[in-house]
Amino acid sequence: YNFCVIDMSNFYMDVIKDRLYCADDHARRCAQTALYRILVDFTKLLAPILCFTSQEIWSYVPKMPGMKDYVVFEQMPEAKPAAGAEFSAKWDRIMAIRDDVKKVLEQTRADKLIGSSLEAALTLHCSQEIYDFLNAIPMDELADLFIVSQVNLEQNEGGVKGVVDGLGVSAVHAAGAKCLRCWKYEPAVGENGLCPRCAKVLGM
Ligand SMILES: [Zn+2]
């Protein structure tokens, strides 16, 4: 919850935006479920402090069987065991990499090569160790994490160095055309203006 609540607006929400609006049913429902759980537990936690506001929120929450009409009659959510050190270390690292990427995207925007970050294609120049770390993450999830259209991983030197050892970042305007639905750039956008993923989601 620490991770979700503190960073909900500026990181988690950013990253799941595409999933909520554009992804297939399963991915969208996963994100909706996570948001629902955060909303329910967060509203319970707020109840002793902001009685009226929390009840107002609660009145809009779709109720699961057994949930009370008044949030003050609910039990407090039980604390789950804190995420392990390995999990935290992994995400600290991803956030650090994302910070390096953001700086390069800002410069690329200042140079007028891109407008929004979705117009960018990133190349991450990696040491063997960073390459193995990032290569374990599915490529479309990496693109979502950085809110860009394309990510290429290369095992070489190059790009702009930031704070992460063994990583250089370069960005160019993504190849292909802008999908009318998800706004990602994709070489295989069809005559209907849709990328293959969106065409599939829409059954076209
Ligand atoms: Zn699309």
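**Figure 1. Helices α4 and α5 packed against each other.** In this predicted model, helix α4 covers residues 85-110 and helix α5 covers residues 128-135. Their axes sit 12 Å apart and make an angle of about 105°. Angles of 65 to 115 degrees count as roughly perpendicular, so that's the label for α4 and α5. Want to find the contact yourself? On the α4 side, look for Lys90, Arg93, Ile94 and Ile97. Their partners on α5 are Glu129, Ile130, Phe133 and Leu134. Sort these residues by class and you get five nonpolar and three charged ones, with no polar residues.

**Figure 2. A look at Leu105 in helix α4.** Stay with helix α4 and pick out Leu105, which is part of it. Is Leu105 buried or exposed? Its relative accessibility is 5%, and buried means under 20%, so Leu105 counts as buried. Which residues does Leu105 touch, once you skip its neighbours within four places in sequence? They are Ile114, Ser117, Ala120, Leu122, Phe146, Val148 and Ala171. If you'd like a distance to try out, go from Leu105 to Gly166: they're 61 residues apart in sequence, and their C-alpha atoms are 19 Å apart in space.

**Figure 3. Helices α2 and α3 side by side.** Here helix α2 (residues 25-46) packs with helix α3 (residues 51-60). The angle is about 155°, and the axes are 8 Å apart. Anything over 145 degrees counts as roughly antiparallel, and α2 and α3 therefore get that description. Their crossing is left-handed. From α2, the contact uses Leu39, Val40, Thr43, Lys44 and Leu46, while α3 brings in Ser54, Ile57 and Trp58. By class, that's five nonpolar residues, two polar ones and one charged one.

**Figure 4. Zooming back out to the protein.** How many helices and strands does the protein have? There are seven helices and six strands. Reading from the N terminus, they come in the order α-α-α-α-β-α-α-β-β-β-β-β-α. Along the principal axes, the C-alpha atoms fill a box of roughly 60 × 45 × 30 Å. Of the 204 residues, 35% count as buried. As for the outside, the protein exposes about 12600 Å², and carbon and sulfur atoms supply 58% of that. Among contacts with a separation of 6 or more, 59% come from residues 24 or more positions apart.

Methods: Residues numbered from 1 in each chain as written. Predicted model: local features only at pLDDT ≥ 70, side-chain atom pairs only at ≥ 80, totals over all residues. Heavy atoms only, no water. Axes fitted to C-alpha atoms, helices over the stretch in contact; angles between N-to-C directions. Helix = DSSP H or I, 4+ residues; strand = E, 2+ residues; numbered from the N terminus. Parallel < 35°, antiparallel > 145°, perpendicular 65-115°, else oblique. Left-handed = near helix turned anticlockwise from the far one by under 90°. Contact = heavy atoms within 4.5 Å. Nonpolar A, V, L, I, M, F, W, Y, C, P; charged D, E, K, R; others polar. Buried < 20%, exposed > 50% of the residue type's maximum accessible area, 1.4 Å probe, protein only. Areas by Shrake-Rupley, 256 points an atom, 1.4 Å probe, with all protein chains shown as cover.
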